Amino acid sequence: MNDHAGLSPVQTFLMALAIGLAVASNYFIFPLIEVTASQFGLNVVHSGMFITLTQLAYALGLIFLVPLGDVLDNKKLIVSLYAVVALSALLIALAQSLWLFVSGLLLVGTFCTVAQILMPLAASLTTPEARGRVIGTLMSGLLLGILLSRTFSGLVAQCFGWRMVYVLGAVMLLAMTVVLQCKLPKVQHVASTLNYRQTLVSVWQLLWHTPLLRQRAVLGALDFGLFSILWTPLTLLLSHEPYHFSLSTIGLFGLFGALGVFGSNVGGWAADKGYSYIMTLICGLMFLCSWGLLYIGGMHLWALIAGVVLLDFAIQALHITNQTLIYRSDPALKGRIASGYMSMYFIGGVLGSSTSAMAYAYFGWTGVSVLGLAVAGFILLLALIFKSSQMSLVNNSV
């Protein structure tokens, strides 16, 4: 596949930064849902639609674009997709009508899946004994991109208006496009024997016929579902009774979630050491505890902050555990493995986003907390059900 013995620290950092910036572009909208909904004449109940659409677009990109990593030259593909994301962000900034605004959101959501082409590419360029650590670093970049995007978006919108968020985002994305063109490792491309349609079909065949991938994809879907259940209505909670926070303060709240970055390192370490199943159980228990705190957080800020930190830590630890396990296979399948797993992951995010928006609209923060507790309990139950097959598969994959 390649001639590289491994990625250098500089290359790893560059790829982590590129991944973080790509996914950040899809999350700028989170603190802005109320102000942009008002801009285009939508009410608060329908404002969650923007987040649901971005998650759905991301899932479509995972299904239809990420498998191209097994078919096309990776460097050319990554640089091209990155350029499209930059131009799409600019479209959002300039949009004067709802349909142009939504079109920009959909384009950004679809093409920022370039991050999920970078991730398996990096895994394939990394020595097996360091794979968990490198994936943990890359996922730290992804997590920081998701969460710090809220801080950036809230602060910039408060000072200069929401459109400036996307103007600056487009500038950073274009700059990164140039950096990737100059610095991204050139990987020898092995021609695939499958055409595009066959490649897409093989993603789901691989998912269906590979028990470890299938089980970890289900856990991943529920994992990201919990993330969306929290962050989709959180802006509404913080902007209304009892908190009444400003846009900039809501954006700063993402810094607490960013502490979950340490979960990436713990998850990568656990997977490298063979503690994947134990880590999965611990994450399930942490999910339950975090949603107990988040329920209390509907009225008490200290509990809300503690719940956010604990939940994001567990989400990242489980996600890295999943990814380290599934990438221990043929590098030629990296794009399809990433597509299968991450498609399920973001489908879970779409479902989490839409159900939490409805739960908040009809039952308030209590409804959101009950939904989160139910999904957390289901993750723990599945971890126990998968126990025997997971342990044998993990042992065989090392």
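In this predicted model, helix 1 (residues 9–27) packs against helix 7 (residues 131–160) at an angle of about 35°, and the two axes sit 7 Å apart. The crossing of this pair is right-handed. On the helix 1 side, the contact is made by Thr 12, Met 15, Ala 16, Ile 19, Gly 20, Val 23, Ala 24 and Tyr 27. Helix 7 answers with Val 134, Thr 137, Leu 138, Gly 141, Leu 142, Gly 145, Ile 146, Ser 149 and Arg 150. Sorted by class, the residues in this contact come out as 10 nonpolar, six polar and one charged.

Next come the internal voids. Rolling a probe the size of a water molecule over the atoms shows where empty space is left. Searching the whole structure turns up two cavities of 30 Å³ or more. The largest has a volume of about 60 Å³. Its lining is made up of Phe 30, Pro 31, Arg 150, Trp 231, Leu 234, Thr 235, Leu 238 and Ile 250. Helix 10 (residues 211–239) supplies the largest share of that lining, with four residues. By class, the lining of the largest cavity splits into six nonpolar residues, one polar and one charged. Arg 150 turns up twice in this picture, as part of the helix 7 side of the contact with helix 1 and as a lining residue of the largest cavity.

The second largest cavity holds about 30 Å³ of space. Around it are Gln 116, Met 139, Leu 142, Ile 146, Phe 224, His 319, Met 342, Tyr 345 and Phe 346. Helix 7 and helix 16 (334–385) are the elements that give two or more residues to this lining. Seven of the lining residues are nonpolar and two are polar, with no charged residue among them. Here too helix 7 has residues in both roles: Leu 142 and Ile 146 line the second largest cavity, and both also belong to the contact with helix 1.

As for confidence, the mean pLDDT of the protein chain is 85, with 92% of its residues at 70 or more. Among the chain's elements, helix 8 (residues 162–183) has the highest mean pLDDT, at 96, while helix 17 (residues 387–397) has the lowest, at 45. Two stretches deserve a mention here. Residues 1–5 have pLDDT below 50, and in the model this stretch makes 13 contacts beyond near neighbours in sequence. The pLDDT is also below 50 over residues 388–398, a stretch with 15 such contacts.

Note on methods:
Residues numbered from 1 in each chain as written. Predicted model: local features only at pLDDT ≥ 70, side-chain atom pairs only at ≥ 80, totals over all residues. Heavy atoms only, no water. Axes fitted to C-alpha atoms, helices over the stretch in contact; angles between N-to-C directions. Left-handed = near helix turned anticlockwise from the far one by under 90°. Contact = heavy atoms within 4.5 Å. Nonpolar A, V, L, I, M, F, W, Y, C, P; charged D, E, K, R; others polar. 1 Å grid on protein atoms, 1.4 Å probe; cavity = no way out; pocket = protein on both sides within 12 Å on 5 of 7 lines; lining within 4 Å. Points joined across faces, edges and corners; volume = space filled by probe spheres on them. pLDDT = per-residue confidence, 0-100.
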